[in-house]
Amino acid sequence: EMIEATDDVLRQKLLKDHGRQIKDHINSLSSKSYWDQFPESPEFVIMFLPNEAIYGAALEAEPQLIELGASKNVIISTPTTLIALLKAVAYGWNQEVLAENAKKISVLGKELYDRMAVFVEHMDGVRKGLERSVDAYNRAVGTFESRVLPSTRRFKELGISTDKEIAEMEDIDKLPKELREMDS
């Protein structure tokens, strides 16, 4: 109507009316507090105007619309600014997903590190057990060679023997390898 008006007074009246309607809509949207309805929601709402000319006319009538909208948590958007806003939101969501994955990776890494420390403790226990076993075996071989075998050979000297020979027993000289420190 404003564009088709032939009278400047009527045109100014319609322009002021348009600005007032946009202002009223900002107040209406703000009073609904849409952001309170959803957890983790941004504390603003988008008011979409279908073209730049409508927005420009509203600003001509009410130059404080941008500030009013911002103070009431209403962002006025046209097709151009809506595209930019949506791209910014998409970027933010991607960053949030990356940050969430980084947190999960951190938790998983700490868990794996703790499990590795427990595993290394168990392996060290196995190594110590093997060392004790080798030490016990070597002591038994030493006792066999120094105490049992000489007494057994005396039987042969006394004429009590069989066709079987008693084999020599060898010490085990290999030890299990120690695990290196995880920080090395």
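This note goes through a helix pair, a salt bridge and a pocket in a predicted model.

1. The model is predicted, and local features need pLDDT of at least 70, side-chain atom pairs count only at pLDDT 80 or more, and totals for chains, interfaces and linings use all residues. Residues are numbered from 1 along each chain as its sequence is written, and side-chain values use heavy atoms, with hydrogens and water left out.

2. Helix α1 (residues 8-32) and helix α2 (residues 52-61) have axes that come within 8 Å and cross at roughly 100 degrees, where helices are DSSP runs (H or I, at least four residues) numbered from the N terminus and axes are lines fitted to C-alpha atoms over the stretch in contact, with angles from 0 to 180 degrees between N-to-C directions. That makes α1 roughly perpendicular to α2, a term for angles of 65 to 115 degrees.

3. Where the two helices are in contact (heavy atoms within 4.5 Å), Leu15, Lys16, His18, Gly19 and Ile22 of α1 meet Ile54, Ala57, Ala58, Glu60 and Ala61 of α2.

4. Among the 10 salt bridges found in the whole structure, each a side-chain nitrogen of Lys or Arg within 4 Å of a carboxyl oxygen of Asp or Glu, one joins Glu62 and Lys23 at 3.9 Å, N to O. Glu62 lies in the loop between α2 and α3 (65-71) and Lys23 in helix α1, so the pair ties together parts that are 39 residues apart in sequence.

5. The largest pocket (an open set of points on a 1 Å grid over the protein atoms alone, where a 1.4 Å probe fits, with protein on both sides within 12 Å along at least five of seven lines) has a volume, the space filled by probe spheres set on the points, of about 420 Å³. Of its 15 lining residues, Ser41, Pro42, Phe44, Val89 and Trp93 are the closest to its centre, lining residues being those with an atom within 4 Å of a point.

Methods: Parallel < 35°, antiparallel > 145°, perpendicular 65-115°, else oblique.
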